[in-house]
Amino acid sequence: MAEFLSLHDAVARYVEDGATVAMEGFTHLIPFAAGHEVIRQKKRDLTLIRMTPDIIYDQLIGAGCAKKVIFSWGGNPGVGSLHRLRDAVEKGWPRKIEILEHSHAAMACAFEAGAAGLPLAVFRGYIGSELPSVNDQIKFIECPFTGERLAAVPSVRPDVSIVHAQRADRQGNVLVEGIVGVQKEAVLAAKHSIVTVEEIVDDLDTHPNACVIPGWAISAVAVAEKGALPSYTHGYYDRSNRFYKEWDAIARDRDAFTQWLDDNVFNDVQHHAGETI
Amino acid sequence: MSLEYTSSEMMSVTAARALENGMTCFVGIGLPSEAANLARLTHAPDVVLIYESGTLQTKPDILPLSIGDGELCESALTTVAVPEMFRYWLQGGKVDVGFLGTAQIDRFANLNTTLIGDYKAPKVRLPGGGGAPEIATNAGEVFITLKHSKRAFVKDVDFVTTLGFGRDGKGRDNVPNIGKGPTRVITDLCVMKPDPETKELVVVSLHTGVSREDVIEATGWEIRFAEQLESTPEPSENELTILRELKARTERAHAGA
């Protein structure tokens with residue numbers, strides 16, 4: 001049964017230094033408020049998993065929280081590079097980080113395999129790609145029935161997954177709507193999970209096939225209004241494309257980034273990103 | 001009198017025309033997305049556009065800045081989870097064409113979106129593979145569109161993120177359950193297709209006002225030209241109007257929020 005906690009308490013309880021953490025949300029519903037809470041609590045040596053690191057991991061990497069990043073597409077969508085990720089990989093600032101890169105298909109399958117309790121994901125992938133030569137977690141196996149050579153990657157099984165969603169009811173059941181990404185898979189694959197929501201309602205008011213994650217499959221639910229900004233929450237607010245564009249200049253420069261972090265994360269008394277951008 | 005248009009517009013219109021009505025197309029963000037939506041708004045109203053964010057049969061009114069913009073979901077027939085998108089729809093063989101962009105491409109149409117330089121000490125770190133490695137092998141065929149330059153068109157890519165025909169042109173030979181691979185590359189100067197035997201890219205059509213020298217100058221290997229070199233048909237007034245309206249709507253929307 002999900003416990004209702006403040007975002008501060010949920011992160012303090014479940015995100016330990018050195019943990020493997022997946023904060024998911026495929027462009028949509030990116031859990032920025034939770035990411036900022038992790039930065040504020042100065043968590044260190046995290047292995048961060050996410051298909052598209054996006055600005056959220058750029059911020060966590062720049063803040064020194066990450067020791068390793070596992071991803072499949074590391075850019076600022078439609079804008080360009082993630083400069084904090086690049087600075088860490090290329091110049092070791094603020095610390096050296098290790099990267100392990102996959103394709104989207106591999107990571108999507110790996111999350112699904114994690115949710116299914118399997119040790120690996122098997123799929124038809126990486127044919128002719130040189131990614132297997134730089135990632136020792138990509139292997140090939142032979143189908144025992146047809147002999148076809150197929151790709152295999154370990155399943156993703158994070159210590160804690162953090163996702164954002166539209167709303168929860170009072171039992172902690174959570175509704176995820178719109179682009180659902182790998183959110184459900186991330187929650188089910190993890191030992192612990194934190195789901196931040198826009199609001200708590202009496203009734204989820206949904207249809208039979210909606211993407212609902214039962215409260216008993218979630219560790220903690222925390223309210224974080226506008227908790228996905230500058231990403232968006234379908235049905236609540238739009239993506240701030242303007243901020244994604246502005247981020248390029250902020251993230252390019254170490255001082256500008258540090259200042260931004262001070263102003264908007266460390267000294268943000270409201271404790272959510274939504275009011276600061 | 002012929003219409004006035006830019007080389008970028010020529011590229012988008014030519015890329016759009018490559019898509020036939022009724023095709024199912026897995027769309028990459030950026031130039032492919034612009035071309036695919038232009039096709040849908042002109043000659044191919046029944047083209048099915050799929051984006052890796054899970055949006056199936058989507059009809060965005062503006063071009064998405066990111067692969068997961070709300071517009072894609074709101075205008076889609078349905079939206080599925082990302083694992084389902086890659087497993088059932090792409091790997092399951094439901095996609096006719098993968099439409100991709102790239103940072104680097106070589107003479108065998110291998111794509112590099114990983115990095116420039118050496119993997120351990122990159123000169124420029126690029127975003128990475130994303131959906132492309134499996135789109136390029138699981139889709140029936142692949143169209144590629146990007147601007148022509150010596151930096152982008154190199155003899156050998158620094159890193160094969162995504163298979164064209166491999167470093168020797170034979171990367172798809174005897175591989176079961178694999179698509180045809182790149183069948184055309186559309187740039188702002190020309191259209192290229194792989195040689196049926198060697199799989200090396202060959203210029204089959206030059207855009208109006210572009211010379212062989214222009215293409216040679218912008219290509220990092222000794223580019224060959226087809227014996228029957230054609231002139232790419234120019235954009236129509238209707239195509240240009242719809243493309244410009246689409247881009248203007250997009251710009252207004254992205255500046256807003």
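Two residues are in contact if their C-beta atoms, placed from the backbone, lie within 7 Å. Keep this cut-off at hand for the exercises below. The model is predicted.

**Exercise 1. Describe how chain B meets chain A.**

Step 1. Count the residues on both sides. On chain B, 44 residues are in contact with 46 residues of chain A.

Step 2. Find the elements of chain B that take part. Helix H3 (70–74), helix H4 (82–91), strand E9 (122–125) and helix H5 (132–138) of chain B each give at least two residues to the side that touches chain A.

Step 3. Pick out the main contributor. H4(B) supplies the largest share, five residues.

Step 4. Sort this side of chain B by class. It has 19 nonpolar, 20 polar and five charged residues.

Step 5. Zoom in on a residue across the border. A:Ser129 touches B:Pro133, B:Val160, B:Thr161, B:Thr162 and B:Leu163, leaving out residues up to four places away in sequence. A:Ser129 sits in the loop between E8 and strand E9 (139–142) of chain A.

Step 6. Decide whether A:Ser129 is buried or exposed. A residue is buried if 20 or more other C-beta atoms lie within 10 Å of its own. A:Ser129 has 28 such neighbours, so it counts as buried.

**Exercise 2. Judge the overall form of chain B.**

Step 1. Take the elements. Chain B has seven helices and 14 strands.

Step 2. Take the box. Along the principal axes, the C-alpha atoms of chain B fill roughly 50 × 45 × 35 Å.

Step 3. Compare with a globule. A compact globule of 257 residues would have a radius of gyration near 18 Å; chain B has 18 Å, so the two agree.

Step 4. Look inside. Of the 257 residues of chain B, 53% count as buried.

Step 5. Check the contacts along the sequence. Take contacts in chain B between residues at least 6 apart; 67% of them join residues at least 24 apart.

**Exercise 3. Locate the largest nonpolar core and its main helix.**

Step 1. Give the size. The largest nonpolar core has 158 residues. A:Leu60, B:Leu19 and B:Cys25 have the most contacts inside this core.

Step 2. Follow one of these residues. Setting aside neighbours within four places in sequence, B:Cys25 is in contact with residues including B:Leu19, B:Ala36, B:Val47 and B:Phe99.

Step 3. Name the helix that gives the most to the core. That is helix H5 (residues 104–115) of chain A, with nine residues.

Step 4. Check the length of H5(A). Its 12 residues reach 17 Å from first C-alpha to last, close to the 16 Å expected at 1.5 Å a residue.

Step 5. Ask how enclosed H5(A) is. Of its 12 residues, 12 are buried, so the rest of the structure largely encloses this helix. Among them are A:His104, A:Phe111 and A:Glu112.

Step 6. Find the cover. The buried residues of H5(A) are covered by elements including strand E8 (120–123), strand E10 (149–154) and helix H6 (183–189) of chain A, together with H4 and H5 of chain B.

Step 7. See what comes next. H5(A) is followed by A:Gly117, with a positive phi near 75°.

**Exercise 4. Show which part of helix H1 of chain A is buried.**

Step 1. List the buried residues. In H1(A) (residues 7–14) they are A:Leu7, A:Ala10, A:Val11 and A:Tyr14.

Step 2. Look down the axis. The buried residues of H1(A) fall within an arc of 95°, so they line one face of the helix.

Step 3. Name the cover. It includes helix H2 (32–40), strand E11 (160–169), strand E13 (192–201) and strand E15 (220–223) of chain A.

**Exercise 5. Examine the backbone of chain A in its loops.**

Step 1. Find the cis peptide bonds. The bond from A:Trp93 to A:Pro94 is cis, with omega near 0°. The bond from A:Leu229 to A:Pro230 is cis too, with omega near 10°.

Step 2. Place the prolines. A:Pro94 lies in the loop between helix H4 (83–91) and strand E7 (98–101) of chain A. A:Pro230 lies in the loop between E15 and helix H7 (241–252) of chain A.

Step 3. Turn to phi. A:Leu29 is not a glycine, yet its phi is positive, about 55°. A:Lys42 is not a glycine either, and its phi is about 50°.

Step 4. Place these two residues. A:Leu29 is in the loop between strand E2 (20–23) and H2 of chain A. A:Lys42 is in the loop between H2 and strand E3 (46–49) of chain A.

Step 5. Work out the burial. A:Leu29 has 29 other C-beta atoms within 10 Å, so it is buried. A:Lys42 has 11 C-beta neighbours inside 10 Å, so it counts as exposed.

Note on methods
Residues are numbered from 1 along each chain as its sequence is written. Chains are lettered from A and ligands numbered from 1 in the order in which they are written. This is a predicted model: local features need pLDDT of at least 70, side-chain atom pairs count only at pLDDT 80 or more; totals for chains, interfaces and linings use all residues. A nonpolar core is a set of buried Ala, Val, Leu, Ile, Met, Phe, Trp, Tyr and Cys residues joined through C-beta atoms within 7 Å. Helices (H or I, at least four residues) and strands (E, at least two) are DSSP runs, numbered from the N terminus. Ala, Val, Leu, Ile, Met, Phe, Trp, Tyr, Cys and Pro count as nonpolar, Asp, Glu, Lys and Arg as charged, and the others, Gly among them, as polar. The expected span of a helix is 1.5 Å times one less than its number of residues. The radius of gyration is taken over C-alpha atoms; the globule rule is 2.2 Å times the number of residues to the power 0.38. The arc is that of the directions from the helix axis to the C-beta atoms.
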